[in-house]
Number of protein chains: 4
Amino acid sequence: MPHDEPLHGDIIRRVEESFAAQGLMQHLGVEIACIRPGEVTLRLPYDARLTQHHGFFHAGATSALADTAGGFAGFTQFPPDSSVLTTEFKMNLLAPARGECLIAVGRVIRSGRTLTVCQLDVHAQQGDDRTHVATGLQTLICLPASAPESPPRDTTPGLS
Amino acid sequence: MPHDEPLHGDIIRRVEESFAAQGLMQHLGVEIACIRPGEVTLRLPYDARLTQHHGFFHAGATSALADTAGGFAGFTQFPPDSSVLTTEFKMNLLAPARGECLIAVGRVIRSGRTLTVCQLDVHAQQGDDRTHVATGLQTLICLPASAPESPPRDTTPGLS
Amino acid sequence: MPHDEPLHGDIIRRVEESFAAQGLMQHLGVEIACIRPGEVTLRLPYDARLTQHHGFFHAGATSALADTAGGFAGFTQFPPDSSVLTTEFKMNLLAPARGECLIAVGRVIRSGRTLTVCQLDVHAQQGDDRTHVATGLQTLICLPASAPESPPRDTTPGLS
Amino acid sequence: MPHDEPLHGDIIRRVEESFAAQGLMQHLGVEIACIRPGEVTLRLPYDARLTQHHGFFHAGATSALADTAGGFAGFTQFPPDSSVLTTEFKMNLLAPARGECLIAVGRVIRSGRTLTVCQLDVHAQQGDDRTHVATGLQTLICLPASAPESPPRDTTPGLS
């Protein structure tokens, strides 16, 4: 990890602020379960509005949850004046995502100055049972906090 | 394509029925734009409830849209008594997803008796401008229509 | 795991036979390091014929090693009259692959009747130092042993 | 494409030099078929030393070929004093890779200052028949030419 570790309280505040600014997280009903340096856990309670045609969690909901957990996991290790974007991710769906809620954990595997790689895992919980329903890998890019909004497109590093 | 082509009207009806049964599609506000054999286009109008921390479409919304377009593209070529599940997909996010709406196209690249591979492409539209914001690959599995609900886990092909 | 566990000696013999039949493994200089049910470790000593333009192991060598380790990991859990094919895999290259040898471990994460998912990890070893140079995910398909050679294309499950 | 287009003759020379410096390309028997700005085609003649257990091209050979085609495709658009590394790639194997040779095409889809995304396609050729045997996506990072060798690890952008 090439950056000085930010203070724990500061990490939590920054993740919570970014989370609150993501309309999709509120719309899906995602909750923050745990924030640690390099590892973030999110929880998504079952709702009929999150389903696919069999009534299970839609792969799109599972993946949005996993992608966000990984993005925040990387973000906990980024310098204060920075922002995070996913450049790519890949999910393998291992079992039907049925249960009372989904629990997604994003963990930083490799942290670099520009790119960070996370492992993503999603479990479905039903009572005391947990089923591993999805696993994935994700690449994040660390950008100056104001980058995506302001500069002309061809000067945006990485995603221009 | 190993199956007899279903009639066009039947394809459209089956996709529309499956789409209507997916709670997440209604919750996100996804619309069917075009259904053709092996190719389905979906549209997602901008809404603040679909955003990430910069106010663009969240990668989770982009990916859910792309995954669903691909799933239906494969489904158009499946036999009548079958169901579709995504076994894996991968997205590369090419540019910030900002615009009035996202347009996702799923196209079957290779159709087999068990596995189907789709290419996924998402563009953001703003007035007359279209930006290619994401591309991906997806593997689908063709299951007997009733498979995921009823059988004991270890008899479900592929995802047991 | 839906199949009866084959006997350990039988697993080792089947993996060794399949390994010996893979021309590429000999050509690259790959060695079997460890065979366990659901987990296979391969070793690739450094050779200037395996390099990219900086003199490190080429990502193609790293990936061929990882893909093969995963394929054998799945194969250890397949029934006797079956064969294994990779349907897809994804690698994240975490660090330059420099060292005396590469060590790749393939581990079955989820084993189904048709599809098996493996995690792939490659470390570069230099003296006592080990660097995690690549991680990946892979989907395998279990086929009847004679399938890919003989049947007409459109009856080969999954890959037809 | 954020960089000035290098001259065509210069692109060809730089790709050929880099190709000649990659031990693995010679060891596998890869040939350059075509170099264009943003698109490179490589050819790999069949050899029993490139096979898997059914006698087809090994997925590892197919993937090494595809990864290299994409790497060079990106490299054609990089500034003169730079180097290319693959940060991740994903392959879907669509059909058994049997034939006289494999033809891999890497094409730049999106070119940024730091990251470039390529589409990878591999066909097997047998007489006049061509079969699409693999498709993939790849992310490349553009580094200063001397980066991976000299700096201490934690200052290497992206892969440190």
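Here is a chat about how the chains of this predicted model pair up and share a sheet.

Student: What rotation puts chain B on top of chain A?
Tutor: A turn of 180 degrees with 0.0 Å of shift along the axis superposes chain B on chain A, at an RMSD of 0.0 Å. The two copies are thus related as by a two-fold rotation axis.

Student: And which residue of chain B comes closest to that axis?
Tutor: That would be B:Lys90, with its C-alpha at 2.0 Å.

Student: OK, how many residues does each chain put into the contact?
Tutor: Chain B gives 34 residues and chain A gives 34 residues. On the chain B side, the elements giving two or more residues are helix H2 (23-28), helix H3 (59-75) and strand S3 (82-93).

Student: Which of those gives the largest share?
Tutor: S3(B), with eight residues.

Student: What's the chemical mix on that side of chain B?
Tutor: There are 14 nonpolar, 15 polar and five charged residues on the side of chain B that touches chain A.

Student: Back to S3. How do the S3 strands of chains A and B pair?
Tutor: They pair in the antiparallel sense over five bridges. Within that pairing, A:Glu88 has B:Asn92 as its bridge partner.

Student: So what does the sheet look like, and in what order do the strands come?
Tutor: It's an open sheet of twelve strands with antiparallel pairing, in the order S1(A)-S2(A)-S4(A)-S5(A)-S6(A)-S3(A)-S3(B)-S6(B)-S5(B)-S4(B)-S2(B)-S1(B). S1 (31-36) of chain A and S1 (31-36) of chain B stand at the edges with a single partner strand each, so one side of each has no neighbour in the sheet. From one strand to the next, the twist averages 25 degrees.

Student: How many bridges hold S1(B) to its partner S2(B)?
Tutor: Five, and the two strands run antiparallel. There, B:Glu31 has B:Arg43 as its bridge partner.

Student: What does H3(B) touch on the sheet?
Tutor: H3(B) packs against S2, S3, S4 (101-111), S5 (115-126) and S6 (129-144) of chain B, together with S3 of chain A. Its direction makes about 40 degrees with that of S4(B).

Student: Switching to chains C and D: how many bridges join S3(C) to S3(D)?
Tutor: Five bridges, with the strands running antiparallel. C:Asn92 stands opposite D:Glu88 there. S3(D) is also joined to S6(D) by eleven bridges, again antiparallel, and D:Phe89 has D:Gln138 as its bridge partner in S6(D).

Student: Is S3(D) largely enclosed or left open?
Tutor: Ten of its twelve residues are buried, so S3(D) is largely enclosed by the rest of the structure.

How values were computed. Residues numbered from 1 in each chain as written. Chains lettered and ligands numbered in written order. Predicted model: local features only at pLDDT ≥ 70, side-chain atom pairs only at ≥ 80, totals over all residues. Least-squares fit on C-alpha atoms with pLDDT ≥ 70 in both. Contact = placed C-beta atoms within 7 Å. Helix = DSSP H or I, 4+ residues; strand = E, 2+ residues; numbered from the N terminus. Nonpolar A, V, L, I, M, F, W, Y, C, P; charged D, E, K, R; others polar. Pairing = 2+ DSSP bridges. Buried ≥ 20, exposed ≤ 12 C-beta atoms within 10 Å, placed from the backbone. Axes fitted to C-alpha atoms, helices over the stretch in contact; angles between N-to-C directions.
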